[in-house]
Amino acid sequence: MQPRNMSMSGVVDLAAVKAAQEAKAKAEQTRAEAARQGGTGAVAPADLVIDVDEAGFERDVLQRSAEVPVVIDFWAEWCQPCKQLSPVLERLAVEYAGRFLLAKIDVDANQMLMQQFGVQGIPAVFAVVAGQALPLFQGAAGEQQIRQTLDQLVQVAEERFGITGLSVDPDAQPGAAAVEQAGPYDAALNAAADALDAGDLGGAVRAYKNVLADDPGHPEAKLGLAQAELLQRVQGFDPQKVRQEAAEKPKDVDAQIAAADLDLVGGHVEDAFGRLIETVQRTVGDDRDTVRRRLLELFEVVGPEDPRVVGARRALARALF
C-alpha cells in the first residue's frame with residue numbers, strides 16, 4: 001500500500017478555540033497536581049510505548065492526550081508493512097523523549113476502535129491531541145516523512161494547546177508514573193461502571209452526577225453519564241413501533257429523536273446524526289432547539305474526538321446558519 005500523506009493543518013479545523021483553552025488549562029492542572037504531590041511525574045523510556053485496547057482507550061489515550069500528544073499505530077500481526085513501520089515509530093518515541101506517546105492498537109482485537117477512526121487499511125497512524133483526533137498517514141511511510149509529521153504534531157500541540165509532553169527519567173521504574181496517577185474519583189467511577197454492568201442505570205446516573213457535582217468538566221464522568229442516560233431513555237422502547245412512527249411522521253420531533261436514540265444504541269452513528277440534522281433543517285423555534293440539544297447529547301455519547309462527531313458538528317452548523 002502506498003503512503004497517503006495527511007496535512008497537519010487539519011488540526012486547527014478540528015480544535016475550536018474553546019477546546020484549545022480547556023486543553024491548556026488541563027495541561028497546567030496536570031503539571032500543578034504533579035508538583036503538589038512532590039513528584040515530577042516522570043516516566044521511564046519503556047512507558048513511552050504502550051499497548052491499548054478498547055477498555056483502556058479512554059484512560060490511556062483520551063485522558064493522557066491532555067498532557068502529551070498520543071500517536072496511534074493501528075497494526076496487525078499478519079501485516080508485513082506494519083512490521084516495517086512499527087519498530088521505526090517505537091524507536092522515535094524513545095528518541096523524542098516524551099514529546100509524544102505511542103499507543104499501539106491491534107486491529108484484530110479492537111475492531112470497534114478501528115471502525116470509529118474510519119481505518120480503511122493498515123498500517124494507519126493517527127494522533128489525538130487534547131481529545132481531538134486527526135489522521136497523520138497511511139501505509140509504510142519513510143522515516144524522514146515520519147519525522148517531519150511528528151515535528152509538526154509536537155509544534156501544534158505546544159503552540160496551540162500548551163501541551164509540552166512528558167518528563168522522562170532513564171532511571172525510573174516502568175509503570176511507576178501510571179500507579180501515581182490514580183484519580184480522586186476512581187471509587188465513584190468504578191461504582192458507576194459496576195452499576196452499568198448490573199443493569200442499574202439509575203445508580204450509574206447518580207454515581208456519574210456525583211462526580212460531575214465536584215468536577216463539572218470530568219471527561220470520563222461526562223461520557224459515562226451521557227451513555228447511561230441514553231440507555232435509560234431506550235429501555236422501554238418498542239423498536240418496531242418507534243421506527244414505524246419515525247417513518248410515518250418525518251416532521252414529528254419526538255418520533256425522530258426516539259428513532260435517533262435507537263440508531264445510536266444499535267451502533268448506527270451516522271444514521272442517528274443524519275436523522276437529527278435533517279430534522280433540524282425541517283424545524284424552527286423551540287422544536288429546532290430541542291433537536292439540536294439532543295444531538296449535542298448524542299455527541300457526548302460518542303465522544304468529541306470521534307471523526308463522525310467532528311463531521312456532524314460541521315453539518316449541524318451548516319443546518320443552523
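**Notebook: a helix pair and two aspartates**

I looked up helices α13 (residues 269–282) and α15 (residues 307–320), and found that their axes come within 9 Å and cross at roughly 10°; helices here are DSSP runs of H or I with at least four residues, strands are runs of E with at least two, and both are numbered from the N terminus. The axes are lines fitted to C-alpha atoms, for helices over the stretch in contact, with angles from 0 to 180 degrees between N-to-C directions. The crossing makes α13 roughly parallel to α15, a term for angles under 35 degrees.

I then listed the contact (heavy atoms within 4.5 Å): α13 contributes V269, E270, F273, I277, V280 and Q281, and α15 contributes R308, V309, A312, A315, L316, A319 and L320.

I note that this is a predicted model, in which local features need pLDDT of at least 70 and side-chain atom pairs count only at pLDDT 80 or more, while totals for chains, interfaces and linings use all residues. Residues are numbered from 1 along each chain as its sequence is written, and side-chain values use heavy atoms, without hydrogens and water.

Next I checked D263, which sits in helix α12 (residues 253–265) and is buried at 4% relative accessibility, where buried means under 20% relative accessible area with a 1.4 Å probe and protein chains only. Leaving aside residues up to four places away in sequence, D263 touches R243, H268, D271, A272 and R275.

Last, I looked up D47 in the loop between α2 (17–36) and β2 (49–51); D47 is also buried, with a relative accessible area of 16%. From D47 to A93 I noted 9.8 Å in space, C-alpha to C-alpha, although the two are 46 residues apart in sequence.

Terms used: Parallel < 35°, antiparallel > 145°, perpendicular 65-115°, else oblique. Buried < 20%, exposed > 50% of the residue type's maximum accessible area, 1.4 Å probe, protein only.
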